[in-house]
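Reader: Hello! I am new to this structure and would love a close look at one part of it, where two helices meet. Could you take me through that contact slowly, and then show me what surrounds it?

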Amino acid sequence: MFYFYNTLTREHELFTPGPIIRMYTCGPTVYDHAHIGNFRAYVFEDLLQRHLEAQGNRVERVMNLTDVDDKTIRGARREGISLDKFTARYKEAFFQDSAALRLRPACATPAATDPENITAMIAMIQVLLDQGNAYVAEDHSVYFRIASFPRYGALAQVDRDAQRSTLRMKHDEYSKEEIADFALWKAWDEEDGDVAWQSPWGKGRPGWHIECSAMATRLLGPHIDIHCGGVDNIFPHHEAEIAQCECVSGTQFVSLWMHCAHLMVNGMKMSKSAGNFYTVRDLRQQGWSGREIRYALLSVHYRMPLNFTLEGIASARQALHRIDEWRTRLEEYLANVPSHTSFSLEKCGAVNVRDFFTALDDDLNISAALGVLFEVIRESHRLLDQNALLPTEVRALLDWWYKVDSVLAIASDSLDGDIPEEVQKLVALRQEARFLKNWDESDRLRDTIAGLGWSIKDSKSEQKLVRQA
RNA sequence: GGCGAGGUAGCCAAGUGGUAAGGCUGGGCUCUGCAAAAGCCCCAUUCGUCGGUUCGAUUCCGACCCUCGCCUCCA
């Protein structure tokens, strides 16, 4: 039983999936490296998809790439290269960063400039024109006629009449019937250079909102189950998408709208225009791993503003380390006392392990879910200390963790990678020195090994090597 | 001005009309040749302020204070 908060109704609603969940997530505009504020939305969407799938649902998700707009055109012109070449760089970077954050790729990542998408946009605009939902202005741009769609404003719950007085007419939009009407097709002008497509209304390029509408309906059909994005997309972007799609299809475009709150830095919204932003690559260069960034973005509920700080990501690192140690303990236990019997674990001590998933069922309550995880960790350590767990129970606990991690995707990749031969030799020497209780030699070797970038943790039976950060 | 989110320990953060999950930090203990690491234990008479309802409110109602976002391209 899923309950999700629907922006459209402003209520938690029961969500009952059909055989396939169709999901559309607004992707990046590829004019620069995406920042971690952008990635917060993608991590939230990834968590949502992974949880739906872990609960046995099939999800078809589409994420668009906006590769033509004012900013991409400006960027390409500034560098004197083609739009394609300019955006290709940032598309590539986006996929790299996404992989670092362990975002599962969407089923399709259509780009606005793909010929089939431009065709779909033009077709959609034509229908809107034919039906009187749009009009061609003097300059051959095409605008959506908001007056023709009374429900406009329902998602953002804005009253159009109240808005009117605060809007200002831009100089280049004088030909609109109403100030709030938005562009479906922008007629070519000097600034666009060679970026243009032919249309029945002359050469130009698509407006931003029609891109998503056309790509979403082309790939997922007229009705979508879940549509996600950041809160700043609610108005006007998603409002416009609803207007366009519902005028064309005559049916409800989206059942469930889910929006995540902003990421803040030092209490302020992170944005490119404000200049106070981190990119994934910035943080990775500073030594933070993708999964640490992922955890930091994941661990605050998606509808709460997240204040990103270095202290916060350091705390994420520690929490992950605790999880790693626990998993290692379980795996080492099973290496000694193997058990392949698998059964579905109900409880670990006093903790009901199912609660992890039921917490997420409730509008992705990640804090409660992580609370369950850490309670299980503490409880199983306690039981293991008392030798009160059976091998089959440890096996089941580990299987539970693998399922949990299919949703969280925060497990460490590999324990430490290959240990260099030189280090291995020194460790062997130290082993001998320790056997002879030659502590001076043992300490000297520990220092030497540390100089090579590996720290040693002695346990009763062995020397554990950990690569220094 | 209109719409919206939020104020819970040093930091992050769940939650409920019946007496405060979890993480990080800090302290203690265990283990240990030392160190490191790890594990366990402890750490809010109190939930922005002031009123009200109630046997009882952090949780419901009202007022107020503060922070932040959207209303223009933005996840």
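Author: Happily! From α4, the residues Glu 116, Asn 117, Ala 120, Met 121, Met 124, Ile 125 and Leu 128 meet Ile 210, Glu 211, Ser 213, Ala 214, Met 215, Thr 217 and Arg 218 of α6. Sorted by character, the residues of this contact are eight nonpolar, three polar and three charged. As you look at the two helices, keep in mind that this is a predicted model.

How are the two helices set against each other? Two packed helices are described by the angle between their axes and the distance between the axes. Helix α4 covers residues 115-130 and helix α6 covers residues 208-220; their axes lie 9 Å apart and make an angle of about 105°. Angles from 65 to 115 degrees count as roughly perpendicular, so α4 is roughly perpendicular to α6. The spacing of the contact residues in the list also becomes easier to read with one rule in mind: an α-helix has 3.6 residues a turn, so residues three or four places apart point the same way.

Now let us step back to the whole chain. Chain A holds 15 helices and 17 strands, and its C-alpha trace spans about 95 × 50 × 40 Å along the principal axes. It has 469 residues, of which 49% count as buried. Take the contacts between residues at least 6 apart in sequence: 75% of these join residues at least 24 apart.

Two other helices are worth a visit, α13 and α9. Helix α13 runs over residues 391-408, and at 1.5 Å a residue its 18 residues should span 26 Å; the C-alpha atoms at its ends are 25 Å apart, which agrees. Its buried residues include Leu 397, Leu 398, Trp 400 and Trp 401. What do the buried residues of α13 pack against? Their partners are the helices α1 (36-54), α9 (290-298), α10 (310-336), α11 (355-361) and α12 (366-385), together with the strand β14 (347-348). Just after α13 comes Ala 409, with a positive phi of about 55°.

One of those partners, α9, has nine of its nine residues buried, so it is largely enclosed by the rest of the structure. Charged side chains are part of that story: Arg 291, Glu 292 and Arg 294 are among the buried residues of α9. Another partner, α12, contains Glu 375, which counts as partly exposed at 38% relative accessibility. The C-alpha atoms of Glu 375 and Asn 352 are 9.6 Å apart in space, while the two residues are 23 apart in sequence.

Next, the aromatic rings. A search of the whole structure gives 19 aromatic pairs. One of them joins Phe 2 and Phe 4: the ring centres are 5.7 Å apart and the planes are at 10°, so this pair is stacked. Phe 2 and Phe 4 are both buried. Phe 2 also pairs with Phe 15, but here the centres are 6.4 Å apart and the planes at 55°, so the pair is tilted. This second pair links strand β1 (residues 2-6), home of Phe 2, to strand β2 (residues 11-15), home of Phe 15, across 13 residues. Relative accessible area is 6% for Phe 2, which is buried, and Phe 15 counts as buried at 9%. Elsewhere, ring pairs tie Phe 39, Tyr 42, Phe 94 and Phe 95 into a cluster.

Finally, a few backbone details to look for. Phe 235 and Pro 236 are joined by a cis peptide bond, with omega about 0°, and Pro 236 sits in helix α7 (residues 234-249). Asp 363 has a positive phi of about 55° although it is not a glycine; you will find it in the loop between α11 and α12. Is Asp 363 buried or exposed? At 2% relative accessibility, Asp 363 counts as buried. Lys 437 is another residue other than glycine with a positive phi, near 55°. The loop between α14 (421-435) and α15 (439-451) is where Lys 437 lies, and with a relative accessible area of 59% Lys 437 is exposed.

Technical notes:
Residues numbered from 1 in each chain as written. Chains lettered and ligands numbered in written order. Predicted model: local features only at pLDDT ≥ 70, side-chain atom pairs only at ≥ 80, totals over all residues. Heavy atoms only, no water. Helix = DSSP H or I, 4+ residues; strand = E, 2+ residues; numbered from the N terminus. Expected span 1.5 Å × (residues − 1). Buried < 20%, exposed > 50% of the residue type's maximum accessible area, 1.4 Å probe, protein only. Contact = heavy atoms within 4.5 Å. Axes fitted to C-alpha atoms, helices over the stretch in contact; angles between N-to-C directions. Parallel < 35°, antiparallel > 145°, perpendicular 65-115°, else oblique. Nonpolar A, V, L, I, M, F, W, Y, C, P; charged D, E, K, R; others polar. Phe/Tyr/Trp six-rings, centres within 6.5 Å; stacked < 30°, edge-to-face > 60°.
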